[in-house]
Amino acid sequence: MPPKGGGEVIFACPVKKVLKPIQYIDPGKIKRIRGMAYSVRVSPQIANRMVDSARSILNKFLPDIYIHTDHMKGTSSGKSPGFGLFLVAETTNGTFLSAELASNPQGQGAAVLPEDLGVNCAKLLLEEIHRGGCVDSINQSLILLLMTLGQQDVSKVLLGPLSPYTIEFLRHLRSYFQVMFKIETKPFEDERKGGEKVLMTCVGIGFSNLSKTVR
């Protein structure tokens, strides 16, 4: 946790030579919600309080909800106290929409109650579900980048309303790769669920990965 950190992240990824074009236009319907409430160098009860407050909101809409708790203490918990919650909604077609909130770093900003954090994180997830699309607002730019780097074929993805970050990212894609997306707005009446949707279409540049596996 910030500000002193002390943790370690290990990232592993298989080497892919090319990225296949995608046709990702049907997000499906929400079938379950999973999550993790984590806490370090604080009372173990804080994680349970976040879970209870988040469930008080989400159980009004869906019964299939399971939120794990993860409490760390001692040297394995890093150097700063804190807590947080992340939630993931899974749809019938394998789409994942996520939301995450964490407490303010020690000595920075006002103290946050676990109950307030749990409620606010649940509301953030509901907002992502309302926005809809096949990718949540946090990862819109990532999927657009992968579509750009894909093979020289048409890729399509259905997104919710574009975030300001995504709009600026589209300008960068045009500057660096000379790739422009076809943007089609799908009105609320067509989908009958959530906000307006945007269908993004592009042709990839055919990028090939020449990296070798590190042994």
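Before you click anything, one yardstick: buried means under 20% relative accessible area, exposed over 50%, and partly exposed in between, using a 1.4 Å probe and protein chains only. You're looking at a predicted model, where local features need pLDDT of at least 70, side-chain atom pairs count only at pLDDT 80 or more, and totals for chains, interfaces and linings use all residues. Residues are numbered from 1 along each chain as its sequence is written, and side-chain values use heavy atoms, with hydrogens and water left out.

**Stop 1: the cysteines**

Select C13. With 55% relative accessibility, C13 counts as exposed. How many disulfides does the structure hold? The count is 0, where a disulfide is a pair of cysteine sulfur atoms within 2.5 Å. For C13, the nearest cysteine sulfur belongs to C202, 20 Å away. Now jump to C202, which is buried at a relative accessible area of 3%. Its closest cysteine sulfur sits in C134, and that 15 Å gap is too far for a bond.

**Stop 2: the largest pocket**

Go back to C13 and add P14, K16, K17, V18, L19, L146, L149, F207 and N209: together these line the largest pocket. By class, that lining has 7 nonpolar, 1 polar and 2 charged residues. (Ala, Val, Leu, Ile, Met, Phe, Trp, Tyr, Cys and Pro count as nonpolar, Asp, Glu, Lys and Arg as charged, and the others, Gly among them, as polar.) The space inside comes to about 260 Å³. On a 1 Å grid over the protein atoms alone, a pocket is an open set of points where a 1.4 Å probe fits, with protein on both sides within 12 Å along at least five of seven lines; lining residues have an atom within 4 Å of a point. Points are joined across faces, edges and corners, and the volume is the space filled by probe spheres set on them.

**Stop 3: the open sheet**

Switch to cartoon and find the open sheet of 4 strands, ordered β1-β6-β8-β7 with mixed pairing. Strands (E, at least two residues) and helices (H or I, at least four) are DSSP runs numbered from the N terminus, and two strands pair if DSSP finds at least two bridges between them. Which strands are at the edges? They are β1 (23-24) and β7 (182-186), each pairing on one side only. Zoom in on β7: 5 bridges join it to β8 (residues 197-203), and the two run antiparallel. Within β7 and β8, K182 stands opposite T201.

**Stop 4: S163 in its loop**

Select S163, in the loop between β6 (154-159) and α4 (164-177). Is S163 buried or exposed? Buried, with a relative accessible area of 13%. Leaving out residues up to four places away in sequence, S163 touches R131, S137 and Q140, contact meaning heavy atoms within 4.5 Å.

**Stop 5: backbone oddities**

Most residues other than glycine have a negative phi, and most peptide bonds are trans. Q178, in the loop between α4 and β7, has a positive phi near 55 degrees and is exposed at 60% relative accessible area. R41 also has a positive phi near 55 degrees; find R41 in the loop between β2 (30-40) and α1 (45-58), partly exposed at 43%. Then try P3, in the segment before β1: the peptide bond from P2 to P3 is cis, with omega near 5 degrees.

**Last stop: E8**

E8 lies in the segment before β1 and is exposed, at 71% relative accessible area. Draw a distance from its C-alpha to that of S76: the atoms are 9.8 Å apart, with the two positions 68 residues apart along the chain.
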